[in-house]
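Please open the structure in your viewer and keep the sequence panel beside it. The tour below goes from one selection to the next and says what is to be found at each stop.

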Amino acid sequence: MTINFRDETFRDDFTFRNSPEAIKRFPFPFHEDSYMYSVNMEPHKSYRPGSVYERTFDVDEHYVSEMKDRAKVLAEDPLRCQSLPHMTLAGWDLLELIMVSKAEEYPDLFELHRDGNKWHWINKPLGIDQKFVFLDEATLPYGPMEYITRQTQGDFAVLDQRDDNLWMDAGMVTTQADWSLDFDIGMNFFEWHAPVPKAHEMGIFVRALKFLLNVRQGAPARRLNWTMTVNPLLDTSPENYHKWGVMKQDLTMENMGEKMHLRVELQTFFRLPRSNALVFPIRCYLIKLGELVTEPKWGRRLHRVLRDLPEELATYKGFISNRPKIVEWLSKYDDGKPTSPGIWPD
Amino acid sequence: MSAGTDKIAVTVTNVVPVNELVTRFRFARTDGGLMPTFSGGAHTVVEMKDGATMRLNPYSLMSDPADRTAYTISVRRDDQGRGGSLFMHRNVKPGLEMVISNPVNLFPLDLRAKKHLMIAGGIGITPFIAQIKQLAASNGNFELHYSVRTASLASYADELSTAHPTRVHIYHDDKKQVIDLENLLDGQPLGTHLYVCGPKGMIKWVRGTAEGLGWPREAVHDEEFLAPPSGKPFEVKLAVSNKVIQVGEHQSLLEAIEAAGVDAPYLCRGGACGQCETDVIGYDGKFLHNDHWLTEEQHASGKKIMPCVSRFEGKTLVLDR
Ligand code: HEM
Ligand code: FES
């Protein structure tokens, strides 16, 4: 398998786009014509070759450019990556998990050679060749979590598990849908979810936490979340709201297909072996509405979902003021025909 | 119950009597591969094919967590128990192929602790052995107080004392040696975490004393060993598909439904997501609800069951499936 890594930007001139193959494998999140929060977790098992669910950590055509964008965000704001002192071991666990799975699942892109604690990591797409001693921080240019997540798409929250709760005690967060690691660091599961509407009353978080506390080694889980983003911005952080918030006003019927994006997060959960911590990778996939409607089923369905989405959710997700325009634009792609069950294109 | 289990096929490579009551077992992967790394305090669930019955017992891992060549456990013979430990002592010999679960840790170290204070009673020593190996490798600060019946039943006391002479303290019941708990807890530096594993009475005593001295609840940890819920076989009628199925002792209701070729929805298989919620059409017997999804009222109503984790005991159960 070869991936043609695109040279593109997620800021300034916004040259990001999806190839036809990338559109086909986009993780469309709606399995029916309406949406409400639910405890939507399932085992993270490999299925549908070619889909984003095939590999433990999906690598796609945006990999190299996403990593360049992450490096820029970190250069401007080092607090996007933090790890409390007791989380270093979890960082090594994460480094091992990612290196081992990428080397196994993408042997032509990544290699890992291990001789006891003497490790040799080769990342061909990013041109990295690193020899280091596993569990010896002095032998890497960054801490273990920062080192490996500078080379892996998606944000990472690393949760310490204690007192029957999860604590956000480490993370790498540069591609987030409007939340801040620096604000949430040290918080527990209920504290960092406090801003979410409706889900608390629905009992979703109590159940979700019980499930997460029981995630076992070797049996990871996953779920999807989504929102809408104007321009292909990876970094929609509260820290930079002054830069991207205003862009929401630039939306017109003419530029809708190009500027408006459905943003889908593939969230996975893994128990880490040495630290007993839980890692929560949040992988962001963007698709332009113009790209999305090339699959007629998705165009029809997204129109119905956004049209009928409860007001609180559209407000929380930050597109309430643009909703009428988006729905009007999408209505051209909804002929009223029934849609088939499931998320895959017809 | 939890989000899924991956099992490991292993071969017993060593069986060593430690003393009159305790035997140590070593498991290596049958396919020659490496074991998953684990964290000190973790246990594995060992499946035992004891004639027609299948037993599943959890045992703490006591090998070095960093050693991936094999796992070791120590089993104390319990002549009154459900039979698992007797099976291990009598039937498990080198060369036997068995199935164990991936490690699960319900007794992890709190890695924020400045010092780890460990109190062990009897066979409760085993999780601490792995934790001590983990801590010793990273220069961690720990202190073990280990209470045993007699010197001859003091599993691993000599090895531990030799390896860590200043950190390990042994107390012999037959010599009337008792841990001076109040003084011990009183003299601990700020940021100490307390861990206890042993008989129920000991856990109660340590928790109670610590609470009385004002220790924060989050700084006191005990091993709550939940044996997997024992499940008697039961029969179910699936009304929609018009089938009568048997649910085996170590099979979930959901697995039995699937085994009968009936499509049933699920996501988490851990009683949390609600996907597998099934309507009960009729029953005569008692539900054993193990899920986190249904409310207490729903559990009491007899109208719903979560087949991924819950079971039934009684004459008839008819489901809308
Ligand atoms: C331990 C893993 C998890 C982490 C670190 C995490 C983190 C977050 C964060 C930081 C937010 C944004 C809150 C804000 O507005 O500041 C969020 C939103 C949310 N989370 Fe989680 N979460 C986790 C697991 C889950 C699970 C298992 C569920 C299951 C249902 C869930 C459901 C939600 C929902 C529904 C929202 C609102 C999202 C939206 O409407 O866009 N989370 N989460
Ligand atoms: S499958 Fe999730 S509750 Fe049963």
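Begin by selecting α7(A) together with ligand 1, because among the elements of the protein α7(A) gives the most to the shell around this ligand, with 4 residues. Keep in mind throughout that this is a predicted model.

**The helix beside the ligand**

Stay with α7 of chain A, which spans residues 204-213, and colour its residues by burial: 8 of the 10 are buried, so the helix is largely enclosed by the rest of the structure. The buried residues are Ile204(A), Phe205(A), Arg207(A), Ala208(A), Leu209(A), Phe211(A), Leu212(A) and Leu213(A). If you now display the surrounding elements, you will find that these buried residues pack against β6, β7, α6, β8, β9 and β10 of chain A.

**Ligand 1 and its iron atom**

Next, centre the view on the iron atom of ligand 1, whose single donor from the protein is the NE2 atom of His193(A), 2.0 Å away. Tracing the backbone on either side of His193(A) shows that this residue lies in the loop between α6 (189-192) and α7 of chain A.

Widen the selection to the 25 residues around ligand 1, of which Tyr37(A), Trp192(A), His193(A), Tyr316(A) and Lys317(A) come nearest. The elements that each supply at least two residues of this shell are β6 (155-162), β7 (165-172), α6, α7 and β8 of chain A.

Three polar side chains deserve a separate look here:

- Tyr316(A) has a side-chain N or O atom 2.4 Å from an oxygen atom of the ligand.
- Lys317(A) places a polar side-chain atom 2.9 Å from an oxygen atom of ligand 1.
- Asn225(A) has a polar side-chain atom that lies 3.3 Å from an oxygen atom of ligand 1.

**The sheet of chain A**

Switch to a ribbon view of chain A and follow the open sheet of 7 strands, which are ordered β1-β8-β9-β10-β6-β7-β2 with antiparallel pairing. The strands at the edges are β1 (42-43) and β2 (81-83), and each has a single partner strand, so one side of each is left without a neighbour in the sheet. At the β1(A) edge, the strand pairs with β8 (residues 221-230) over 2 bridges in the antiparallel sense, and selecting Pro43(A) shows it standing opposite Ala221(A) in β8(A).

**The nonpolar cores**

Which residues touch the most other members of the largest nonpolar core? Among the 92 residues of this core, they are Trp226(A), Leu262(A) and Ile326(A). The largest share of the core, 7 residues, comes from α7(A), the helix at which the tour began. A second, separate core of 37 residues includes Met67(A), Ala90(A), Leu112(A) and Phe134(A).

**A lysine in a strand**

Now select Lys288(A), which lies in strand β10 (residues 278-288) of chain A. Is this lysine buried or exposed? With a relative accessibility of 3%, Lys288(A) counts as buried, and its side chain reaches the backbone oxygen of Glu258(A) at 3.3 Å. Beyond its neighbours within four places in sequence, Lys288(A) is in contact with several residues, including Phe16(A), Arg17(A), Pro232(A) and His261(A).

**Two residues with positive phi**

Most residues other than glycine have a negative phi, and the next two selections depart from that pattern. Asn276(A), in the loop between β9 and β10 of chain A, has a positive phi near 60° and is buried, with a relative accessible area of 6%. Asp12(A), in the segment before α1 (20-24) of chain A, has a positive phi of about 50°, but at 69% relative accessibility Asp12(A) counts as exposed.

**Across to chain B**

Finally, move to chain B and select strands β12 (residues 234-238) and β13 (residues 243-247), which run antiparallel and are joined by 5 bridges. Together β12(B) and β13(B) form a hairpin with 4 residues between them, and Asn242(B) in the turn has a positive phi of about 55°. Within this pair, Val236(B) stands opposite Ile245(B).

The last stop is His289(B), found in the loop between β14 (278-288) and α7 (296-301) of chain B. A polar atom of the His289(B) side chain lies 3.3 Å from the backbone oxygen of His299(B), and the residues that His289(B) touches include Leu294(B), Lys304(B) and Ser310(B).

Terms used: Residues are numbered from 1 along each chain as its sequence is written. Chains are lettered from A and ligands numbered from 1 in the order in which they are written. This is a predicted model: local features need pLDDT of at least 70, side-chain atom pairs count only at pLDDT 80 or more; totals for chains, interfaces and linings use all residues. Side-chain values use heavy atoms; hydrogens and water are left out. Donors are N, O and S atoms within 2.8 Å of the metal (3.2 Å for Na, K and Ca); water is not among the atoms, so sites may look incomplete. A polar contact is a pair of N or O atoms within 3.5 Å; within protein, one must be able to donate a hydrogen and the other to accept it, and residues adjacent in sequence count only if both atoms are side-chain atoms. Contact means heavy atoms within 4.5 Å. Two strands pair if DSSP finds at least two bridges between them. A nonpolar core is a set of buried Ala, Val, Leu, Ile, Met, Phe, Trp, Tyr and Cys residues joined through side-chain atoms within 4.5 Å. Buried means under 20% relative accessible area, exposed over 50%, partly exposed in between (1.4 Å probe, protein chains only). A residue is near a molecule or strand if one of its heavy atoms lies within 4 Å of it.
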